[in-house]
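Let's take a walk through this protein together, one piece at a time. Keep the 3D view open and turn it as you read.

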Amino acid sequence: MKIENALKEIYGKVYTGKEIKLLYSYDATGQAGEPEWVFFPENEEQVRKTVEVALEEKMPVIARGAGTGQSGGSLPVHGGVVMVFTRMKRIEVLERDMVCVVEPGAITGRIKKEVEKYGLYYPPDPASFEFSTIGGNVAEDAGGPRAVKYGVTSSFVLGLEWVDGTGKLYRWGGRNIKDVSGYPVHKLLCGSEGTLGIITKIYLKLIPLPPERDAVLLRFSTPEEAGEAVLEIMRMGISPSSLEYLSEKASSLIGLSGNYLMVELEGGEEVEEGIRKIRERFGGEEAGIWEKRKKLSPLLYRLAPIKINEDVVLPRSQLPEFLRFLSQLEKESGVHVVAFGHIGDGNLHTNVMCEKRETGERVVVRIMEEVVRRGGSISGEHGVGIRKKAFFRLQYGESERELMRRIKKVFDPEGILNPGKIWD
Ligand SMILES: Cc1cc2nc3c(=O)[nH]c(=O)nc-3n(C[C@H](O)[C@H](O)[C@H](O)COP(=O)(O)OP(=O)(O)OC[C@H]3O[C@@H](n4cnc5c(N)ncnc54)[C@H](O)[C@@H]3O)c2cc1C
C-alpha cells in the first residue's frame, strides 16, 4: 500500500487492471513477463521520482518505447514498474544548429518527417522507424540499411539526459557538434538497453536532406560472388547509402531467382555518376522490385512455422566465406537458413526456419560460434536483451564482462534498472 500511495502521488492515478498489465507484457519477440505497475510519465521529474520509489522498494524499473524490440529488452522479466514513454514525445528542431531535441517517446518516423520540413535529414532508419521510438532506438543503438553510409543511431546522438538507478538526473553533451571535454559518458547509454539509465531527452545531429537518390539491383549466381562484390563496391569511392543482400532462398520468396545486392546512392549530382559506375562494372537492373523485399519477413513462414531471427555482424572480409558456411550448414542441418540484410556493414539477418525449436536452436549455436570465430559480433542491431544472453560469453571474456558489471554498478548500484537483461 505504501508503494501504491507513493506512485499515486507521482502520477495521480495508478493502473492496476489485468488488461493493461497484459498489454505491456510483450514485445516483438513474442516472449513475455508481467509488470506489477505500468505508468506513462509526462516529464523527467515523474521519471526521477518513480526511480526513487522503486529504489526504496528494490523494485525493477523497465523503460519501454513502442515494444518493437527483437531481443526482449522491454520485457519485465522480474516484474516491477514499466515506464511507457509514449506521452513524452516532444520534438524541437533547432534549425540553425542543425540539431533536433526530442523526448524519448517520439516516433522516429515523426522526427524524420519533422526535420524534413526544414530541408534537414535524420538518416538512421531501422525498418521499424515508422513505429519505434527514438528512446528505444538510442537504448538499442538501432541501425538500418543506411547505417552503411551514415552510421547507427549513436553516430547522431550529441547529448542525452537520463536518470540513473538512484534517481539522479544527468545532462551530458548537447548542441555542440564536437566536445572532447571529459569522458563521453552519454555514449555509454547508447546500446545499454535500459540497464544504465532511463533516457529523458536526446540531442540529435542533423544533416542536409540529400536531393537525389537512386538504386540498382545486382544479381549473382553464388552467395560468395555477392560477398566479394560487397568488398569491391565499398572501395569504388561511391559511398553507398544502402547495400543490402538477399540470398537465393530469400529472393525466391518474392519471385526473384538468384543472390541479389541492392545498391542505393544518396547525395547530389554524384549519384548519377555512381550508378553509372556500378552498372558499368556489374550490369544490374531497376531496383523498383526491391519494394517487394518489405514483404519478405512474413513470407518466411511459408518455409516453416518457427522463425529464429539473428542479426549477426562480421568483418567484411569474412562475408564470402561466411555465406558459403551458411549454405553448407543448411544442407547439413536440413533446416532452412535464410540470410538477408545490411551486408554493406557486414550485418546479416540469419533466419533459421524450423519445425522444432530445439533443432533450430542447435543451428543458431553453430552460427554464433562461427561468427565469433571469424571475429564477428552476436548482434549488430537488436541487442542482447534476454534472447542472446547465452551467447554473450562467446564474445566477451571474464575481464570484459567484469568491467561491464562494474560500470553497471556505478550507474545502478542496486541493480533495479531492467534486471535480467544482457547478463544475469
Ligand atoms: C518489423 C521490425 C523491424 C525492425 N527493424 C530493425 C532494424 O532495421 N534495425 C534495428 O536496429 N532494429 C530493428 N528492429 C528492432 C526494434 O524496432 C528496435 O530495437 C527499436 O530501436 C526498438 O524501439 P522501441 O521503441 O520499440 O523500444 P522497446 O522495444 O520498447 O525497447 C527496447 C529497449 O530500449 C529500452 N528503452 C526504451 N525506451 C527507453 C528509455 N527512454 N530509456 C532507456 N531505455 C529505453 C528498453 O528498456 C529496451 O531495453 C525491428 C523490429 C521490428 C518489429
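## A small sheet and its helices

Start with two strands side by side: β2 and strand β3 (residues 81-84) pair in the parallel sense, with 4 bridges between them. If you'd like a spot to click on, Val61 sits opposite Val81 in β3. Bear in mind that what you're looking at is a predicted model.

Now zoom out a bit. These strands belong to an open sheet of 3 strands with parallel pairing, and the order across it is β1-β3-β2. Why do β1 (37-39) and β2 (61-64) each have one side left without a neighbour in the sheet? Both stand at the edges with a single partner strand each, so there is nothing of the sheet on that side. Neighbouring strands here are turned by 20° against each other on average, ignoring direction.

Helices pack on this sheet too. Helix α1 (residues 2-11) touches β1 and β3, and its direction makes about 10° with that of β1. Helix α3 (residues 44-57) packs on the sheet as well, touching β2 and β3, but its direction makes about 170° with that of β3.

## Two residues to compare

Let's pick out Thr50, which is found in helix α3. Is Thr50 buried or exposed? It's buried, because its relative accessible area is 1%, and the cut-off for buried is under 20%. Setting aside neighbours within four places in sequence, Thr50 is in contact with Leu7, Ile10, Tyr11, Val81 and Met83.

Glu42 makes a nice contrast. You'll find Glu42 in the loop between β1 and α3. Its relative accessibility is 43%, so it counts as partly exposed. Not counting residues up to four places away in sequence, Glu42 touches Arg87, Met88 and Arg90. Try locating Glu52 as well: Glu42 and Glu52 are 10 residues apart in sequence, and their C-alpha atoms are 16 Å apart in space.

## A sheet of seven strands

Next, turn to another open sheet, where 7 strands line up in the order β14-β11-β13-β12-β16-β17-β15 with antiparallel pairing. At its edges stand β14 (285-286) and β15 (306-313), and each has a single partner strand, so one side of each is left without a neighbour in the sheet.

Helices lie against this sheet as well. Helix α13 (residues 357-373) packs on it, touching β15, β16 (336-341) and β17 (347-354), with its direction at about 5° to that of β15. Helix α10 (residues 270-282) lies across β11, β13 and β14, and runs at about 10° to β11.

## Inside strand β13

Strand β13 (residues 259-267) deserves its own stop. How many of its residues are buried? The count is 9 of 9, so the strand is mostly covered. Asn259, Leu261, Val263, Leu265 and Gly267 point one way from β13, while Tyr260, Met262, Glu264 and Glu266 point the other way.

Its partners are easy to trace. Strand β11 (residues 212-220) runs antiparallel to β13, joined to it by 9 bridges, and Phe220 stands opposite Asn259 in β13. Strand β12 (residues 242-246) also pairs with β13 in the antiparallel sense, over 5 bridges. Among the matched residues, Tyr245 has Leu261 as its bridge partner, and Ser242 has Glu264.

## Nonpolar cores

Leu261 shows up again in the largest nonpolar core, which has 44 residues. Those with the most contacts inside this core are Leu218, Ile233, Leu261, Phe322, Ile343 and Ile367. Helix α12 (residues 319-333) gives the core its largest share, 6 residues. Apart from this core lies another one, of 26 residues, including Tyr122, Tyr150, Val157 and Cys190.

What is Leu261 in contact with, leaving aside neighbours within four places in sequence? Its contacts include Val216, Leu217, Leu218, Phe220, Ile233, Tyr245 and Ile343.

## Around the ligand

Finally, find the ligand. There are 33 residues around it, and the ones that come nearest are Ala63, Gly65, Thr68, Ser128 and Thr133.

Some backbone atoms are worth a look here. A backbone N or O atom of Gly65 lies 2.8 Å from an oxygen atom of the ligand. For Gly143, a backbone N or O atom lies 3.0 Å from a nitrogen atom of the ligand. Ile199 has a polar backbone atom 2.9 Å from a nitrogen atom of the ligand.

Technical notes. Residues numbered from 1 in each chain as written. Predicted model: local features only at pLDDT ≥ 70, side-chain atom pairs only at ≥ 80, totals over all residues. Heavy atoms only, no water. Pairing = 2+ DSSP bridges. Axes fitted to C-alpha atoms, helices over the stretch in contact; angles between N-to-C directions. Contact = heavy atoms within 4.5 Å. Buried < 20%, exposed > 50% of the residue type's maximum accessible area, 1.4 Å probe, protein only. Core = buried A, V, L, I, M, F, W, Y, C linked by side-chain atoms within 4.5 Å. Near = heavy atom within 4 Å. Polar contact = N/O pair within 3.5 Å; in protein donor to acceptor, adjacent residues only side chain to side chain.
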